[in-house]
Amino acid sequence: NKINKFLFNTIIGSLLIFFVLGPAFDSSIKYIKQTDYYLNFFNIGKEEYSLAQKEIENNNYKQAQIYLEKYLKIILNNVEEEHKLVIDTYIKMANLYLKEGKYDEALNYEEKALRIKYLIFNENYETIAESHYSIANVLNAKGLYKEAVKTFEIAYELHKSHKYYNTIANSNFHLGYYQEALKYYNLSLKNNNPFDEISIYLSALVNEQLIYSNNSNIQETKRFLEEVIELFENNNHENNYNLFSFYNNLGGILEKEKEYKKALNLYTKALNLITNINLNKNHIAYAIIYNSIGLNYYYQMDYEKSIIYYNKAIHVLESIN
């Protein structure tokens, strides 16, 4: 009887543990598997992620996308989508597509990241603002400036960071809202940063000078642009993307002075710069500089070369729709 009673109690106890504690045990295991410690300890997806990083460093964006997609699939097999690793991967995918000039794909991944951020960082306004800021930059790249301005303003309302001033200003500038642009440029200029961030503020200064140049001495703008270019080149920043707009803008001023050869030299520097930084061939910057070179040859009455570069610009614009 004692043996039967012991067996009966053991069976009942086991069943109770299975039915009552089983779900809690499964939940605990599920929680453990989603922790960074578990993922790191078992090197889950580590190889694919490392390979993606190497391809990014080598500017092989398509191959990097392949590895990141594999990494994402592995991660999603181990964690819920509402996980910071998934957010980070979506953002990396968006950045890769942005570098390739594939704006719709970049926007898709940025919006996915934002949706999850709202779920797991609902009171971390700075983190959420960063996603709105990134989305606005993609909209800016697509030329959707009105939408970009609205999205930049959402980011700014969530987190009043001075880094948003310049980008809001640029969108307003493209829309021709010069007074609004000036307001944000001036806010940007009041928040000076160290040299590693100087390109952002110099961009703001250049565009502000260009706005003023409509009503003031264009020589002031010309001198300013020359000083900015010299500053960058003397500090070994000749491959900084911001130099592209400085070269292009100064070239436009030189053309007004009929200095066509000097302007063409600057456009060539701008073209070499975006080539050296491996900017995707379908990036809008190529269309901008091809158009500038085409216009330069037109002014010089070299119409055959002008047509060649206008066609190059058209090809890029058609590629990005």
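**Figure 1. Close-up of R115, a partly exposed residue, and its salt-bridge partner E81**. In this predicted model, R115 has a relative accessibility of 39% and therefore counts as partly exposed. The side chain of R115 forms a salt bridge with E81, and the closest N and O atoms of the two residues are 3.0 Å apart. Because R115 belongs to helix α6 (residues 103-120) whereas E81 sits in the loop between α4 (61-76) and α5 (84-99), the pair ties together parts of the chain that are 34 residues apart in sequence. E81 is likewise assigned to the partly exposed class, with a relative accessible area of 23%. The structure as a whole holds six salt bridges, and two further examples are shown in the next views.

**Figure 2. Close-up of the salt bridge between K142 and D104**. The closest N and O atoms of K142 and D104 are 2.5 Å apart. This pair links distant parts of the chain, since K142 is placed in the loop between α7 (125-141) and α8 (145-158) and D104 in helix α6, at a separation of 38 residues. K142 is partly exposed at 33% relative accessibility, whereas D104, at 51%, counts as exposed.

**Figure 3. Close-up of the salt bridge between K160 and E157**. Here the closest N and O atoms are 3.8 Å apart, a distance to be read against the cut-off of 4 Å that is applied to salt bridges. K160 is exposed, with a relative accessible area of 53%, and E157 also counts as exposed, its relative accessibility being 57%.

**Figure 4. Close-up of E48, a buried acidic residue without a salt bridge**. E48 lies in helix α3, which spans residues 46-57. Although E48 is buried, it has no salt bridge, and the nearest side chain of opposite charge, that of K70, is 6.8 Å away; because a salt bridge requires a nitrogen and a carboxyl oxygen within 4 Å, this separation does not qualify. When neighbours within four places in sequence are left aside, the residues in contact with E48 are Y67, K70, Y71 and I74.

**Figure 5. Close-up of the stacked aromatic pair Y297 and Y309**. A search of the whole structure finds twelve aromatic pairs, and one of them is formed by Y297 and Y309, whose rings are stacked at 5.9 Å centre to centre with 25 degrees between the planes. The two tyrosines link distant parts of the chain, Y297 being located in helix α15 (residues 284-299) and Y309 in helix α16, twelve residues apart. Y297 is buried, with a relative accessible area of 13%.

**Figure 6. Close-up of a nonpolar surface patch that includes Y303**. The patch is made up of Y298, Y299, M301 and Y303, which together have about 460 Å² of accessible area. Y303 is found in helix α16, running over residues 303-319, and counts as partly exposed at 44% relative accessibility. Y298, Y299 and Y303 also belong, with Y260, to one aromatic cluster.

**Figure 7. Overall context for the close-up views.** The protein chain contains 16 helices and zero strands, and 40% of its 321 residues count as buried. Of the contacts with a separation of 6 or more, 53% are between residues 24 or more positions apart. The chain exposes about 18,600 Å², of which carbon and sulfur atoms supply 53%.

Key
Residues numbered from 1 in each chain as written. Predicted model: local features only at pLDDT ≥ 70, side-chain atom pairs only at ≥ 80, totals over all residues. Heavy atoms only, no water. Helix = DSSP H or I, 4+ residues; strand = E, 2+ residues; numbered from the N terminus. Buried < 20%, exposed > 50% of the residue type's maximum accessible area, 1.4 Å probe, protein only. Lys, Arg positive; Asp, Glu negative; His and termini not counted. Contact = heavy atoms within 4.5 Å. Patch = residues over 30% accessible without salt bridge, like charges linked within 9 Å, V, L, I, M, F, W, Y side chains within 5 Å. Areas by Shrake-Rupley, 256 points an atom, 1.4 Å probe, with all protein chains shown as cover. Phe/Tyr/Trp six-rings, centres within 6.5 Å; stacked < 30°, edge-to-face > 60°.
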